[in-house]
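Got the model open in your viewer? Switch to a cartoon view, keep the selection box handy, and let's walk through it one stop at a time.

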Amino acid sequence: MSGAEPVCPKCGGRMVKGELKTRMERLGTSAMSPFAPGMSMSGLPAMLDDVVSDLSWEEKTGEKKGFIFKREETRRMSVAGLRCTVCGYIELYAREK
Ligand SMILES: [Zn+2]
């Protein structure tokens, strides 16, 4: 780290780092108590209510691959960014995995 804190381009507020995720809450299970002993038949940990996965950026590279079947290549990147703690402005960056 350089030591210089990122500053919001809109209002000059302090910005914090974050990553874009998609969260899918499973229906029906989150209302139950997380401390229900003996209720889990599968033996899996009780953290399954939220399924979190990375959101990725995809773009066409313009290159075609394959000799017979031409398929346009795509480049996939992970999306991270900064959020202003004052006004909520989000600045996003796509980084190659
Ligand atoms: Zn701001």
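Here is a tour that starts with the whole chain and then goes strand by strand.

**Stop 1: the whole thing**

Before anything else, keep in mind that this is a predicted model. Colour by confidence: the mean pLDDT is 79, and 72% of the residues reach 70 or more. Among the elements, strand E1 (residues 15-19) has the highest mean pLDDT, 93, while E3 has the lowest, 78. A word of caution for the weaker patches: where pLDDT is low, the predicted coordinates should not be read in detail.

Now go back to the cartoon. You'll find six strands and zero helices, so to speak a β-β-β-β-β-β pattern when read along the sequence. How much of the protein is buried? Just 2% of the 97 residues. As for contacts with a separation of 6 or more, 49% of them link residues 24 or more positions apart.

**Stop 2: E2 and E3**

Select residues 21-25, which make up strand E2. This strand is hardly covered, with a buried count of zero among its five residues. Add residues 50-54 to the selection and you have E3, which runs antiparallel to E2 and is joined to it by five bridges. To see one bridge pair, show Thr22 and its partner in E3, Ser53.

Stay on E3 and pick Asp50, which lies in this strand. Is Asp50 buried or exposed? It counts as exposed, because there are 12 C-beta neighbours inside 10 Å and 12 or fewer is the cut-off for that label. Leaving aside neighbours within four places in sequence, Asp50 is in contact with Arg23 and Glu25. Try your distance tool from Asp50 to Thr22: their C-alpha atoms are separated by 9.8 Å, and the two residues are 28 apart along the chain.

Next, click on Val52, also placed in strand E3. Val52 has 10 C-beta neighbours inside 10 Å and so counts as exposed. Which residues does Val52 touch, not counting those up to four places away in sequence? Lys21 and Arg23. For another distance, go from Val52 to Glu25: 27 residues apart in sequence, 8.6 Å from C-alpha to C-alpha.

While you have side chains switched on, here's a general point: in a regular strand they alternate between the two faces of the sheet.

**Stop 3: E4 and E5**

Select residues 56-65 for strand E4. Of its 10 residues, the number buried is zero, so E4 lies largely in the open. Bring in E5 (71-84), and you'll see seven bridges joining E4 to E5 in an antiparallel arrangement. Ser56 is a handy one to show, with Ser78 as its bridge partner in E5.

Follow the chain from E4 into E5. The two form a hairpin with five residues between the strands, and Gly66 takes a positive phi near 95 degrees there.

Now pick Thr74 in E5. Thr74 is exposed, with 10 other C-beta atoms within 10 Å. Leaving aside residues within four places in sequence, its contacts are Glu58, Glu59, Lys60 and Thr61. From Thr74 to Thr61 the C-alpha distance is 5.5 Å, with their positions 13 residues apart in sequence counted as separation.

**Stop 4: E5 and E6**

Keep E5 on screen and add strand E6 (90-96). How many bridges join E5 to E6? Seven, and the strands run antiparallel. One pair to display is Leu82 with Glu91, its bridge partner in E6. None of the seven residues of E6 is buried, so this strand lies largely in the open.

E5 and E6 also form a hairpin with five residues between them. Look in the turn for Gly88, which has a positive phi of about 85 degrees.

**Stop 5: Val86**

For the last click, choose Val86, in the loop between E5 and E6. It counts as partly exposed, with 13 C-beta neighbours inside 10 Å. Which residues is Val86 in contact with, once neighbours within four places in sequence are left aside? Cys8, Cys11 and Gly13. Finish with the distance from Val86 to Lys10: the C-alpha atoms are 9.9 Å apart, while the residues are 76 apart in sequence.

Notes
Residues numbered from 1 in each chain as written. Predicted model: local features only at pLDDT ≥ 70, side-chain atom pairs only at ≥ 80, totals over all residues. Helix = DSSP H or I, 4+ residues; strand = E, 2+ residues; numbered from the N terminus. Buried ≥ 20, exposed ≤ 12 C-beta atoms within 10 Å, placed from the backbone. Contact = placed C-beta atoms within 7 Å. Pairing = 2+ DSSP bridges. pLDDT = per-residue confidence, 0-100.
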